[in-house]
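Let's take a walk through a protein together, one feature at a time. Have the sequence and the 3D view ready, and feel free to rotate the view as you read.

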Amino acid sequence: MCWVSLYARRLHSTLKDCKIILMILLQFTSRRLVSHVCRLTNSVSRQRSLVEMARPSSDMAEFRQIFAKAKHIAVITGAGVSAESGVPTFRGAGGYWRKWQSQDLATPEAFSRNPSRVWEFYHYRREVMLTKNPNPAHLAIAECEARLSKQGRTVIVITQNIDELHKRAGSKHMWEIHGSLFKTRCITCGNVTENHNSPICPALEGKGAPDPDTDDARIPVENLPRCEENGCNGLLRPHVVWFGETLDSNVLTQVEEQLEMCDLCLVVGTSSIVYPAAMFAPQVAARGVPVAEFNMETTPATTRFRFHFQGPCGLTLPPALARHDSEIIS
């Protein structure tokens with residue numbers, strides 16, 4: 001019996017030691033778990049703070065204070081502004097002319113293969129644009145430019161749109177970086193000319209219907225728009241930047257100079273995904289200049305900007321650019 005009693009005492013002692021060891025392990029694990037949870041909580045809090053810091057403001061009163069002091073305002077506009085005037089974009093679902101989207105026709109290769117089809121497409125777009133009018137966003141920008149010019153302040157427009165709606169609204173200081181539907185360029189002599197004729201040439205009258213069942217007009221190349229410069233008679237093309245082409249370097253240089261001078265930048269109705277225009281506003285913001293985005297939705301560049309005003313530009317922009325109380329009425 002003695003050995004049994006001795007074994008029982010040793011077993012009891014061993015169990016006691018195990019209990020102590022288990023308590024120490026639990027305490028150590030608990031401390032590590034609490035420490036890990038604390039670190040995780042702090043990390044989440046820091047990330048939340050960063051997100052809140054990155055989130056642009058929608059405080060119109062704050063924007064208006066900055067606007068009131070700005071001397072050189074740059075306004076960058078995209079397709080979203082024109083869309084509110086009912087201008088088709090020919091992109092995305094349903095964005096077709098006949099069987100093709102814009103990127104299928106707006107290329108040098110497409111024009112070389114079938115200039116008649118490409119001219120039908122652009123003739124249709126020109127005729128559609130003659131039925132459209134500037135909307136409140138276009139008008140607010142033009143009115144702001146005219147008003148501030150009397151105060152020695154400037155408003156310039158840098159647009160990706162080719163519809164000339166800014167021009168028709170009254171904007172004067174404007175850079176159309178992608179060209180214009182109402183300008184032509186001769187592929188022989190390079191002459192660029194404004195042309196608002198409707199139709200642009202007799203052979204295109206009544207052509208360009210967008211219905212997918214419409215057959216190509218197959219207009220002979222000699223009957224398409226031709227250059228009238230000093231008897232050149234070369235084939236004309238729309239003076240727009242096509243897919244695969246680079247922007248005019250002189251225009252880009254002038255745009256960069258304007259952006260270097262601006263002390264407030266507005267990005268209106270643009271997706272911020274079409275380069276190089278998508279780089280303009282982020283580069284301005286990187287200089288510490290306030291940038292305000294006016295768009296129907298956020299974009300890849302939204303978090304780089306100080307302000308974001310969501311909604312139709314025709315509703316958000318007019319009150320943003322309206323006369324400030326501090327302005328002197330002349």
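We will visit an enclosed space first and then turn to charged side chains. Keep in mind that this is a predicted model.

Let's begin with the empty space. How many cavities of 30 Å³ or more are there? The count comes to one, and the volume of this cavity is about 60 Å³. To find the cavity in your view, pick out the residues that line it: I76, Q160, V267, T270, S272, V274, A277, A278, A281 and P282. Which helix gives the most to this lining? That is helix α10, which covers residues 277–286 and supplies four residues. Now think about the chemistry of the walls. Seven of the lining residues are nonpolar and three are polar, while none are charged.

Charged residues come into play at our next stop, the salt bridges. The model has nine of them. In one, E120 pairs with R98, and their closest N and O atoms are 2.8 Å apart. Look at where these partners sit: E120 belongs to helix α6 (residues 115–129), whereas R98 is in the loop between α3 (79–83) and α4 (102–105), so the bridge ties together parts that are 22 residues apart in sequence. Are these two residues buried or exposed? Both E120 and R98 are buried.

R98 has a further partner to show you. Its side chain also meets that of D216 in a salt bridge, with 3.2 Å from N to O. This pair links distant parts of the chain, as D216 lies in the loop between β5 (192–194) and β6 (236–240), 118 residues away from R98 in the loop between α3 and α4. D216 is buried, just as R98 is.

For another salt bridge, move to helix α7 (residues 136–149), which holds both R147 and E143. The closest N and O atoms of this pair are 2.6 Å apart. The two residues are four positions apart, about one turn of the helix. What is the relative accessible area of each partner? For R147 the value is 12%, and because buried means under 20%, R147 counts as buried. E143 has a value of 41%, so E143 falls in the partly exposed class, between 20% and 50%.

Finally, let's return to R98 and its partners. Salt bridges with shared partners join R98, R117, E120 and D216 into one network. Try selecting these four residues together in your view, and trace the network from residue to residue.

Methods
Residues are numbered from 1 along each chain as its sequence is written. This is a predicted model: local features need pLDDT of at least 70, side-chain atom pairs count only at pLDDT 80 or more; totals for chains, interfaces and linings use all residues. Side-chain values use heavy atoms; hydrogens and water are left out. On a 1 Å grid over the protein atoms alone, a cavity is a set of points where a 1.4 Å probe fits but cannot get out, and a pocket is an open set with protein on both sides within 12 Å along at least five of seven lines; lining residues have an atom within 4 Å of a point. Grid points are joined across faces, edges and corners, and a volume is the space filled by probe spheres set on the points. Ala, Val, Leu, Ile, Met, Phe, Trp, Tyr, Cys and Pro count as nonpolar, Asp, Glu, Lys and Arg as charged, and the others, Gly among them, as polar. Buried means under 20% relative accessible area, exposed over 50%, partly exposed in between (1.4 Å probe, protein chains only).
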